[in-house]
There are 2 protein chains.
Amino acid sequence: MQQDLKSELTKQLIIDKAFTLFYENGFKTTSIDKIMKETTLSKGAFYHHYKSKKALGLEVISLKVQKRVLDGMVYPLEETGDALDILEHIFITRLKSFKIYEKEHGCPMNNLINEIGDHELAYQLALKQIIETWKSALIKLIERGKREHTIKPNVSSAAVAVYLISAFEGIRGIRKLYKDDTILEEYVSGLSLYLKQLQA
Amino acid sequence: MQQDLKSELTKQLIIDKAFTLFYENGFKTTSIDKIMKETTLSKGAFYHHYKSKKALGLEVISLKVQKRVLDGMVYPLEETGDALDILEHIFITRLKSFKIYEKEHGCPMNNLINEIGDHELAYQLALKQIIETWKSALIKLIERGKREHTIKPNVSSAAVAVYLISAFEGIRGIRKLYKDDTILEEYVSGLSLYLKQLQA
DNA sequence: AAATAAAGATACTACTTAGTATGTTTTTTT
DNA sequence: AAAAAAACATACTAAGTAGTATCTTTATTT
């Protein structure tokens with residue numbers, strides 16, 4: 001196989017397996033050995049492509065974790081239509097569409113924020129960048145809603161954005177503790193109310 | 001020293017040091033050796049009092065972590081006065097009163113929820129119980145607010161309770177990524193708005 | 001085709017981990 | 001005061017950890 005392509009495929013394979021193991025079992029308790037066992041490649045292969053576990057962690061965050069948030073929570077905000085409807089759709093419909101697997105294991109980003117968000121500046125920056133991108137996209141949509149008179153003008157867009165993100169990440173952690181969706185439905189109900197009150 | 005008192009003091013010492021290390025460095029990366037080095041006692045002493053690290057973790061949750069939440073977030077809900085004022089005071093004033101240390105390291109309970117909330121049923125149950133207690137106390141206060149006509153009657157108390165808890169835990173994780181309080185102030189602003197809209 | 005470099009494998013080091021076995025010291029019971 | 005039990009200490013085991021050194025295999029360049 002062509003060398004640069006082979007190298008790229010191997011790195012992607014490592015990143016994919018690493019992401020899944022980090023998500024299911026946590027970052028710190030996932031060893032390079034466990035990751036490479038999943039890829040059926042060797043430890044030598046890993047250290048040929050990455051200089052350390054930290055370097056891998058950063059790539060997993062900036063590639064896999066970021067992509068998930070962008071695809072699921074950011075790009076959909078850029079659609080056309082009523083701003084509040086879009087918010088409702090993303091924060092509620094999407095939450096309800098999660099598989100049991102995703103409900104059990106929470107949000108990959110939030111898991112990392114709480115596990116390693118205060119340990120290394122590099123992780124902090126990589127994770128913060130995702131949050132900032134998300135927040136900016138939310139603010140942009142809320143501002144549009146104000147201009148189009150579907151959202152009350154006298155609310156701080158940044159405040160609403162931060163409050164929406166906080167509650168969403170919070171509930172994804174808390175849901176892990178439960179075996180059914182009651183708590184999710186209560187969150188959805190609380191959020192619906194919140195969004196209705198933003199209506200112009 | 002009297003034996004049962006000595007035993008109790010040693011266990012308390014271990015739990016205290018364990019809580020701090022779990023909080024600062026995470027549960028999984030805190031070893032029994034590190035904990036016992038802090039106590040200046042030996043590993044033998046540890047395994048005389050606890051049968052495993054898991055047993056210690058459960059005691060830390062049900063004693064230290066639970067106590068913190070009860071003292072800071074639950075008991076104050078039982079005070080007399082306007083229900084919304086109490087909510088505002090606890091969720092806002094308290095958040096602002098946190099030391100840099102607590103802002104940097106987030107919420108001990110939320111850290112544990114996200115680090116080990118999906119790993120062991122026993123941890124899940126212990127953490128869930130704290131959330132349920134908190135939620136019940138919030139519902140009780142909101143119900144009182146409705147009876148006293150300070151809170152709108154047509155909102156679901158459980159939904160509001162869950163939404164408040166979610167956002168609070170969420171922001172305490174997210175704050176870890178930042179070096180200043182801007183994000184906290186935006187959260188507070190978003191929450192203020194939310195509470196005002198609950199006013200009867 | 002030969003030389004070179006990248007990709008990957010194997011075997012290691014030095015260290016950390018939870019937990020155990022067995023010892024000594026301190027307190028309590030008789 | 002002697003015996004028993006609890007509190008604690010020391011030294012270990014077996015398994016796991018990140019990372020390195022050195023090898024073989026595969027692809028690229030000349």
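A residue counts as near a DNA strand if one of its heavy atoms lies within 4 Å of that strand. The model discussed here is predicted.

Q: Which residues come nearest to DNA strand C?
A: DNA strand C has 22 residues around it. Of the atoms of this strand that come within 4 Å of the protein, sugar and phosphate account for 70%. The residues that come nearest are A:Ser42, A:His48, A:His49, B:Met1 and B:Gln3.

Q: Which atom of B:Ile32 lies 3.0 Å from a phosphate oxygen of DNA strand C?
A: A polar contact is a pair of N or O atoms within 3.5 Å. B:Ser31 places a side-chain N or O atom 3.2 Å from a phosphate oxygen of DNA strand C, and for B:Lys53 a polar backbone atom is 3.0 Å from a phosphate oxygen of that strand. In the case of B:Ile32, the atom at 3.0 Å is a backbone N or O atom.

Q: Which element gives the largest share of the surface near DNA strand C?
A: The elements that give two or more residues to this surface are α1 (3-25) and α3 (43-49) of chain A, together with α2 (32-39) and α3 (43-49) of chain B. The largest share is 5 residues, and the element that gives it is α3(A).

Q: How many residues surround DNA strand D?
A: The closest residues to DNA strand D are A:Met1, A:Gln3, B:Ser42, B:His48 and B:His49. Sugar and phosphate make up 72% of the atoms of DNA strand D that come within 4 Å of the protein. The number of residues surrounding DNA strand D is 23.

Q: How many Å is a phosphate oxygen of DNA strand D from an N or O atom in the side chain of B:His48?
A: A:Tyr47 has a side-chain N or O atom 3.2 Å from a phosphate oxygen of DNA strand D. For B:Ser42, a polar backbone atom is 2.5 Å from a phosphate oxygen of the strand. The side chain of B:His48 has an N or O atom whose distance from a phosphate oxygen of DNA strand D is 2.5 Å.

Q: Which element supplies the largest share of the surface near DNA strand D?
A: At least two residues of this surface come from each of α1, α2 (32-39) and α3 of chain A and from each of α1 (3-25) and α3 of chain B. The largest share amounts to 5 residues and comes from α3(B).

Q: What percentage of the residues in chain A is buried?
A: Chain A has 10 helices and 0 strands, and its C-alpha trace spans about 60 × 35 × 30 Å along the principal axes. Among contacts with a separation of 6 or more, residues 24 or more positions apart account for 68%. A residue is buried at under 20% relative accessible area. Of the 200 residues in chain A, the buried part is 55%.

Q: How many Å apart are the mean positions of the positive and negative charges of chain A?
A: The accessible surface of chain A comes to about 9000 Å², with 53% belonging to carbon and sulfur atoms. The chain has 29 positive and 26 negative charges. The distance between their mean positions is 3 Å.

Q: Is A:His149 buried or exposed?
A: A:His149 is not a glycine, yet it has a positive phi of about 60°. It lies in the loop between α8 (121-147) and α9 (157-174) of chain A. Exposed means over 50% relative accessible area. With a relative accessible area of 64%, A:His149 is therefore exposed.

How values were computed:
Residues numbered from 1 in each chain as written. Chains lettered and ligands numbered in written order. Predicted model: local features only at pLDDT ≥ 70, side-chain atom pairs only at ≥ 80, totals over all residues. Heavy atoms only, no water. Helix = DSSP H or I, 4+ residues; strand = E, 2+ residues; numbered from the N terminus. Buried < 20%, exposed > 50% of the residue type's maximum accessible area, 1.4 Å probe, protein only. Contact = heavy atoms within 4.5 Å. Areas by Shrake-Rupley, 256 points an atom, 1.4 Å probe, with all protein chains shown as cover. Lys, Arg positive; Asp, Glu negative; His and termini not counted. Charge placed at Lys NZ, Arg CZ, Asp CG, Glu CD. Polar contact = N/O pair within 3.5 Å; in protein donor to acceptor, adjacent residues only side chain to side chain.
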